[in-house]
Amino acid sequence: VGYGFMGKMHTYSYKSLSMLYEPPPAAIRLVGVATRSEVSGKLGVEQGGYEFDTRDYRELLAREDIDVINCCATNDVHRDIVIDAIRAGKHVYVDKPLALNLSHAKDIVEAEKAAGDSKTRQMAHNYRFVPAIMRAKELMDEGRLGRIYTFSFRYLHSSNVDPNRPLHWKSDKSVGGGGVLVDLGSHIIDLTRFLLGDFKRVCALPFNPIAERPDGKGGMVPVETDDVCFIQAELENGAVGTLEASKLATGANDELTVEIRGSKGAILFNLMDPNWLRFYDNTKPDAPLGGEKGFLQIECVQRYPKPAAIPGPKLSVGWMRFHIASIYEFVRRVVENEPGDPSLSDGLEVHRVIDTCYNSPGVWTSIQA
């Protein structure tokens with residue numbers, strides 16, 4: 001459902017499984033694509049390889065030869081699409097964020113609980129599937145960093161630096177649900193939970209110095225969403241740190257950085273240098289000339305576990321590969337009758353943090369269950 005930027009990326013991922021995995025998890029058949037515009041629908045057929053297109057996603061739900069619904073629509077329609085797909089007994093893959101807001105996200109998770117089936121439903125939190133992040137998770141789970149003291153997660157773009165850029169749907173509160181905190185912040189909130197655990201309380205400052213933007217029709221419209229958001233956070237494990245999401249980061253392209261520092265070690269990662277995870281082992285003995293102390297560069301590159309086969313493990317990794325790995329894991333779980341991971345409940349927890357940040361700006365506020 002949806003054949004814009006992410007719809008194309010997810011389609012590419014499904015089509016890539018048979019080439020990149022030996023054996024692939026399943027034979028994929030692209031049956032139908034639902035889009036708002038006829039132009040996008042025809043492109044889905046001609047370019048994406050779907051057998052038919054429609055303006056009504058319910059036509060996909062009625063088809064017995066469709067097992068999976070992949071939701072790549074705008075955030076404001078996620079709730080209806082996902083709940084209808086759950087009630088139709090479909091497996092579901094949802095692009096982040098899970099929904100428009102916390103209320104919609106709760107409705108989705110409640111619908112999944114009410115269904116009580118064993119279908120696979122999974123979030124597209126693709127950065128969990130970066131080899132360096134996967135290696136970082138291993139180090140965390142092994143206790144190699146010891147007690148975690150501090151952390152810093154940043155996701156920076158420069159896409160909205162130009163005040164003359166027309167208002168995009170991701171900056172339209174009625175369609176996106178918020179601004180950069182929803183779009184980019186959802187990724188680093190999920191990564192924080194993935195690597196370190198749940199949030200206890202936050203103090204956030206979402207803001208936007210650009211009061212209005214062109215509407216694309218010759219006029220100007222007020223901007224009601226954030227282009228920058230800073231968050232101070234305390235986690236349930238006692239660690240404290242910061243998160244920053246920005247679309248006003250002049251000079252940045254797609255800069256997602258992770259810093260975690262503990263009693264036994266530290267890790268550093270930058271998405272703009274994705275082949276390496278930097279690990280500092282604080283248990284190494286000291287020496288007058290430093291001994292073996294210092295950051296080790298772990299060559300994560302494309303060392304995905306089998307049956308990943310192409311590209312080879314020694315070859316440099318790229319952004320599209322993370323989406324392919326995420327969809328591989330989803331399809332594998334569908335075939336093996338396993339629950340999705342990251343789950344829809346993980347998507348809900350991200351919304352809890354976002355909702356708290358928006359509703360109590362500048363005030364330390366506990367995350368409510």
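Analyst: A salt bridge is a side-chain nitrogen of Lys or Arg within 4 Å of a carboxyl oxygen of Asp or Glu. Residues are numbered from 1 along each chain as its sequence is written, and side-chain values use heavy atoms, leaving out hydrogens and water. This is a predicted model, so local features need pLDDT of at least 70 and side-chain atom pairs count only at pLDDT 80 or more, while totals for chains, interfaces and linings use all residues.

User: Which residue forms a salt bridge with Arg55, and how far apart are the closest N and O atoms?

Analyst: Side chains of opposite charge can pair when their charged atoms come close. Here Arg55 pairs with Asp53, with 2.7 Å between the closest N and O atoms. The structure holds 35 salt bridges.

User: Are Arg55 and Asp53 buried or exposed?

Analyst: Neither label fits, as buried means under 20% relative accessible area, exposed over 50%, and partly exposed in between (1.4 Å probe, protein chains only). Arg55 is partly exposed at 39%, and Asp53 is partly exposed at 26%.

User: Which parts does the pair of Arg128 and Asp190 tie together?

Analyst: Let's begin with the pair itself: the closest N and O atoms of Arg128 and Asp190 are 2.8 Å apart. Arg128 lies in the loop between E5 and H6 and Asp190 in helix H9, so their salt bridge ties together parts that are 62 residues apart in sequence. Helices (H or I, at least four residues) and strands (E, at least two) are DSSP runs, numbered from the N terminus. Arg128 is buried at 8%, and Asp190 is buried at 1%. Another salt bridge joins Arg193 to Asp198, at 2.9 Å. Arg193 is buried at 16%, whereas Asp198 is partly exposed at 38%. Shared partners join these four residues into one network, whose members also include Glu329, Arg332 and Asp346.

User: Which residues have the most contacts inside the largest nonpolar core?

Analyst: In soluble globular proteins, nonpolar side chains tend to be buried together. A nonpolar core is a set of buried Ala, Val, Leu, Ile, Met, Phe, Trp, Tyr and Cys residues joined through side-chain atoms within 4.5 Å. The largest one here has 69 residues, and Phe153, Leu195 and Ile260 have the most contacts inside it. Helix H10 (residues 319–335) gives this core its largest share, eight residues. A second, separate core has 28 residues, among them Val31, Ala34, Ile86 and Leu102.

User: What is the order of the strands in the open sheet of nine strands?

Analyst: Two strands pair if DSSP finds at least two bridges between them. The order is E15-E14-E13-E12-E6-E11-E10-E7-E16, and the pairing is mixed. Strands E15 (295–299) and E16 (365–366) stand at the edges with a single partner strand each, so one side of each has no neighbour in the sheet. Within the sheet, E10 (residues 228–235) and E11 (residues 240–246) run antiparallel, joined by seven bridges. Phe230 has Glu244 in E11 as its bridge partner.

User: How are the three strands E3-E4-E5 paired, parallel or antiparallel?

Analyst: They form an open sheet with parallel pairing. Its edge strands are E3 (68–71) and E5 (121–124), each pairing on one side only. Strand E4 (residues 91–95) and E5 share four bridges, and Val92 stands opposite Arg121 in E5.
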